[in-house]
Structure formats: structure tokens, C-alpha cells
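Here's a quick tour of a protein model, pitched for someone just getting used to reading structures. Keep the 3D view open as you go.

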Amino acid sequence: MTDDAALNDAALSDAALKNAAHSDAAQTDSAFADDQALPTPGVPIARTLEAILMVADEPQSLVSLATAIGAPVAAVRQAIESLVADFDGVDQGDGAPTTRRGFELREVGGGWRFYVREEFDPIVRDFVLTQNPTRLSQAALETLAVIAYKQPITRGAIAQIRAVNVDSVVRTLLGRGLITESFTDAETGAINYETTELLLTHLGVNSLDELPLISPLLADGQEGFDNGR
């Protein structure tokens, strides 16, 4: 074999190796996009996310989920949409049986979390209260409602609205993580309180704007108030 022929064969060999490498990379990218490339090979992204969300105590954002499994945010978003449809019993055209589950995957407080479906709330609530009767007192619920609708608000303003001392109740709400100290008034030194993301999670809403209007529930509020609440 001449030197020129040997060089040509070497060049062809290098080109073949490069083409093979590009082909493998393309297949890997395709597999990743097709929901297969994960730290655990062969396990679909959707099922991995399902396992994580099953044990999560708080709503998980797409970014945090993507970071947890090492997948692109776009792939995680697609997998979440697939899970939502799966749990809702929507036929996804893959021939798999469809069953509407008793729970749903809901976006709340900037993240995703499992929740009981609304129609099952009464029976689940009764079960939870039977198993764990500890709950907020009426005074705590009333104080929490005042803070939710009037925030940011000081302890003195809350006491004025409720016409009772609210020191111990505010401490209870702080201890349970339902409210937080937002800021301190520069002039009076009074601490202003606001509700937390944990409250949104417990209520199953994305923002306080989804809270129901209270004016229609009041005897003299049928026409509503200036603030619309």
C-alpha cells in the first residue's frame, strides 16, 4: 500500500469515527427528548417525577424537579403535562387504559403537588380529622382570615378588628408557619404580618386573589366594599 493510499484510508477512518460519534450523540439527545435519558436508564421522566412528587411535602417547581433528575425543564414540563392527563383519565393515544384517579396533580404556589380531588374532600377531611384531631382554634382561624384579607397588617390592627388580644394566637400561627413577619414599620416599630406560601398550599390556591369575597357573606355587605373583598 502506498503512503498516499494509507493516508486516504486513515482519513476515511477518522471521518467514519466522527460520523459514528455524531450519530451516537444525536441518538442520545433524541432519547433524552423522548423521555428516556435519566440517571436511571430506561425509566421514563414522568414516572421518576411521580415518585418524587409522591414524597414531596411542598409544591415543587419545574426548575427544582429538572435539577433533581438532571433533565431539561422543557422535558419536565412535558412529563408533568403527561402526568396531569394520566391522572385525569385522558386518553393519550398510547393504548393504555384510562382511569380518573382520586387525586390530581395541581399547580399551586408556583409548584406542583398531589391533591385530593374536590369531590372527595368531605370524606378525606373526615378521615384526617378522625386520625389527627389537632387543628386551629376558632380564634386562630379568625385571626388568620384577618391577616389573609388585610395583609400586611400589625398585631395592634388585628386586635382592633377582632376586639381581643391576639398575642398568643399570632404566636401560634407563626409557629405553624402560616404567617410570617413581613417588615417592621420604621416610625412605630410595629411588626407587619403576612401569610406564607404554606397557607396557599393548605388552601390549594395559587394566590390570595383566589380567596372568596367576604362582603356577600356579611349582612350589610351585599353591595360589596371599595376594596372588593
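Let's start at the end of a helix: right after α4 comes Gly89, and its phi is positive, near 80°. Keep in mind that this is a predicted model. From Gly89 we'll step back into α4 itself, then look at its partners, and finally visit another part of the chain.

**Helix α4 up close**
- α4 is 15 residues long and spans 21 Å from its first C-alpha to its last, close to the 21 Å expected at 1.5 Å a residue.
- Its buried residues are Ala75, Val76, Ala79, Ile80, Leu83, Ala85, Asp86 and Phe87.
- What covers them? Among the elements doing the job are α2, α3, β1 (103-108) and β2.

**The largest nonpolar core**
- In soluble globular proteins, nonpolar side chains tend to be buried together.
- Here, the largest nonpolar core holds 18 residues, and Ile45, Leu49, Val76, Ile80 and Leu105 have the most contacts inside it.
- At least two core residues come from each of α2 (45-55), α3 (62-69), α4 (73-87) and β2 (111-116).
- The largest share belongs to α4, which chips in 6 residues.
- Want one residue to click on? Try Ile80: leaving aside residues up to four places away in sequence, Ile80 touches Leu49, Leu53, Leu62, Leu65, Leu105 and Trp112.

**How α2 meets α4**
- Two packed helices are described by the angle between their axes and the distance between the axes.
- For α2 and α4, the angle is about 75° and the axes are 9 Å apart.
- An angle from 65 to 115 degrees counts as roughly perpendicular, so that's how α2 and α4 sit relative to each other.
- On the α2 side, the residues in contact are Ile45, Ala46, Arg47, Leu49, Glu50 and Leu53, and they meet Ala75, Val76, Ala79, Ile80, Leu83, Asp86 and Phe87 of α4.
- Sorted by class, this contact has 10 nonpolar residues, 3 charged ones and no polar ones.

**A second core, and helix α6**
- There's also a second, separate core of 15 residues, including Leu136, Val170, Leu178 and Tyr193.
- Now find helix α6, which runs over residues 138-150: it has 13 residues and reaches 18 Å between its first and last C-alpha, close to the 18 Å expected at 1.5 Å a residue.
- Which residues of α6 are buried? They are Ala140, Thr143, Leu144, Val146, Ile147 and Ala148.
- Those buried residues pack against β3 (153-154), α7 (155-162), α8 (167-175), β4 (179-184), β5 (191-195) and α9 (197-203).

Methods:
Residues numbered from 1 in each chain as written. Predicted model: local features only at pLDDT ≥ 70, side-chain atom pairs only at ≥ 80, totals over all residues. Heavy atoms only, no water. Core = buried A, V, L, I, M, F, W, Y, C linked by side-chain atoms within 4.5 Å. Buried < 20%, exposed > 50% of the residue type's maximum accessible area, 1.4 Å probe, protein only. Helix = DSSP H or I, 4+ residues; strand = E, 2+ residues; numbered from the N terminus. Contact = heavy atoms within 4.5 Å. Axes fitted to C-alpha atoms, helices over the stretch in contact; angles between N-to-C directions. Parallel < 35°, antiparallel > 145°, perpendicular 65-115°, else oblique. Nonpolar A, V, L, I, M, F, W, Y, C, P; charged D, E, K, R; others polar. Expected span 1.5 Å × (residues − 1).
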